[in-house]
Amino acid sequence: MDISVKLFGKKLTNPLFLPSGIVNDVPSHKIAAESGAGCVVLKSITTEPREGNPIPRVAKYEYGILNSVGLKNPGLKEGKKQIREFLKKTKIPVIVSVFAVSVKEFKKLVSEIAELKPFAIELNLSCPNVESEFGQMISNKSKSSYEIVKSVKKEARKVPLIAKLTPNVDQIGEIAKACEQAGVDAIAAINTVAPSMVIDIYKRRPILGAKKGGLSGPGIRPVAIAKIYEIYESVKIPILGMGGVEKWQDAVEMMMAGATLVGVGSAVYLRGYKIYKEIINGLEEFMKKEKIKNIKNLVGIAH
Ligand code: DHB
């Protein structure tokens with residue numbers, strides 16, 4: 001029985017990863033790396049430092065979490081130093097996530113981050129809380145997604161590129177395909193469901209400082225499953241799936257939909273880092289009972 005998975009020619013001890021954004025500062029990602037995750041994705045960085053949106057930036061509701069962090073991060077110059085240190089100390093593969101509002105900025109970020117030779121670079125084409133030069137989220141359209149991937153591909157040199165997509169579109173398969181045609185090496189999906197809002201009925205105002213944000217957690221899992229299922233039918237490249245996974249059953253379901261890797265993020269925020277070991281134990285148990293020798297045999301079998 002083998003729960004290790006291969007991605008970009010590298011073996012990961014298991015298919016679970018920490019998605020971008022749950023942990024805010026680079027050094028704190030260490031805990032996820034030590035808790036059993038097979039790989040981690042750092043919080044997206046931008047060329048310039050960002051203070052983030054007005055507080056509160058995070059709000060819980062019964063079925064998940066809303067956030068509008070506004071990509072709070074130290075910017076490329078300081079971020080690079082922190083990432084370099086982190087890569088030196090971390091044993092598991094590290095994916096660096098970048099966010100920009102223009103082609104020019106994306107090129108700069110990818111080119112400079114590629115120098116650090118991380119496991120991969122994630123292009124965040126889907127932050128719901130910051131507008132791009134395209135006047136909307138880049139992954140809202142095939143054309144802008146293609147344009148960004150195509151223009152940064154050379155800058156990445158040998159570092160694999162991942163495009164992270166928004167679920168808030170009709171035909172995510174077409175957008176994934178445009179990214180694949182532009183040369184991306186994998187698709188990450190889904191980013192948060194947005195816009196979303198909760199109102200404090202006593203204060204009579206939206207809870208989030210920015211009023212609206214992106215929704216994650218168990219409530220979005222069926223959306224994630226449907227989108228991953230659709231992407232799997234549209235592209236040949238691997239999918240890093242995420243969205244509301246809390247239990248081993250959810251991870252199995254997501255792999256069956258087509259995910260090679262499964263992100264566990266909001267559940268860590270809600271229930272703690274022990275969740276990685278719990279899900280891993282459940283996966284091993286399931287494989288034993290179902291006589292599945294290799295976990296990769298689960299990927300896409302629901303099709
Ligand atoms: C933020 C970025 C995201 O990609 C997301 O899905 C939600 C929030 C942010 O930093 O605001």
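This report covers the ligand site, the two largest pockets and some backbone features of a predicted model.

## Ligand shell

Twelve positions frame the ligand. Some come as a run in sequence: Asn-67, Ser-68, Val-69, Gly-70 and Leu-71 are all listed around it. Asn-124, Cys-127, Pro-128 and Asn-129 also belong to the shell. Lys-43, Asn-191 and Thr-192 complete the set.

By class, seven shell residues are polar. Four are nonpolar, and one is charged.

## Polar contacts and cover

Oxygen atoms of the ligand pair with polar protein atoms. Lys-43 brings a polar side-chain atom to 2.8 Å from a ligand oxygen. Thr-192 also uses its side chain: an N or O atom there is 2.7 Å from an oxygen atom of the ligand. Leu-71 takes part through its backbone instead, with a polar atom 2.7 Å from a ligand oxygen.

On its own, the ligand has 290 Å² of accessible area. The protein covers 92% of that area.

## The largest pocket

Where does the ligand sit? The space it takes is the largest pocket. The volume of this pocket is about 600 Å³. Its lining counts 37 residues. Nearest the centre are Ser-20, Gly-21, Ile-22, Asn-67 and Thr-192. Of these, Asn-67 and Thr-192 also surround the ligand.

Three elements each give two or more residues to the lining: strand S6 (64-67), strand S8 (120-124) and helix H8 (266-271). Helix H8 gives the most, with three residues. By class, the lining holds 17 polar, 14 nonpolar and six charged residues.

## The second largest pocket

The second largest pocket has a volume of about 310 Å³. It is lined by 17 residues. Cys-127, Pro-128, Asn-129, Met-137 and Pro-195 lie nearest its centre. Cys-127, Pro-128 and Asn-129 are also among the residues around the ligand.

The class make-up of this lining is eight polar, seven nonpolar and two charged residues.

## Cis peptide bonds

Which residues does a cis peptide bond join? One such bond links Ala-189 and Ile-190, with omega at about 10°. Ile-190 is placed in the loop between strand S10 (186-189) and strand S11 (193-196). Asn-191 and Thr-192, listed above, are part of the ligand shell.

Another cis bond joins Ala-194 and Pro-195, and its omega is about -5°. Pro-195 is in strand S11. Pro-195 is also one of the residues nearest the centre of the second largest pocket.

## A positive phi

Arg-157 has a positive phi of about 50°, although it is not a glycine. Where is Arg-157 found? Its place is the loop between helix H4 (142-153) and strand S9 (161-164).

Key:
Residues numbered from 1 in each chain as written. Predicted model: local features only at pLDDT ≥ 70, side-chain atom pairs only at ≥ 80, totals over all residues. Heavy atoms only, no water. Near = heavy atom within 4 Å. Polar contact = N/O pair within 3.5 Å; in protein donor to acceptor, adjacent residues only side chain to side chain. Areas by Shrake-Rupley, 256 points an atom, 1.4 Å probe, with all protein chains shown as cover. 1 Å grid on protein atoms, 1.4 Å probe; cavity = no way out; pocket = protein on both sides within 12 Å on 5 of 7 lines; lining within 4 Å. Sits in = over half its atoms within 2 Å of the grid points. Nonpolar A, V, L, I, M, F, W, Y, C, P; charged D, E, K, R; others polar. Points joined across faces, edges and corners; volume = space filled by probe spheres on them. Helix = DSSP H or I, 4+ residues; strand = E, 2+ residues; numbered from the N terminus.
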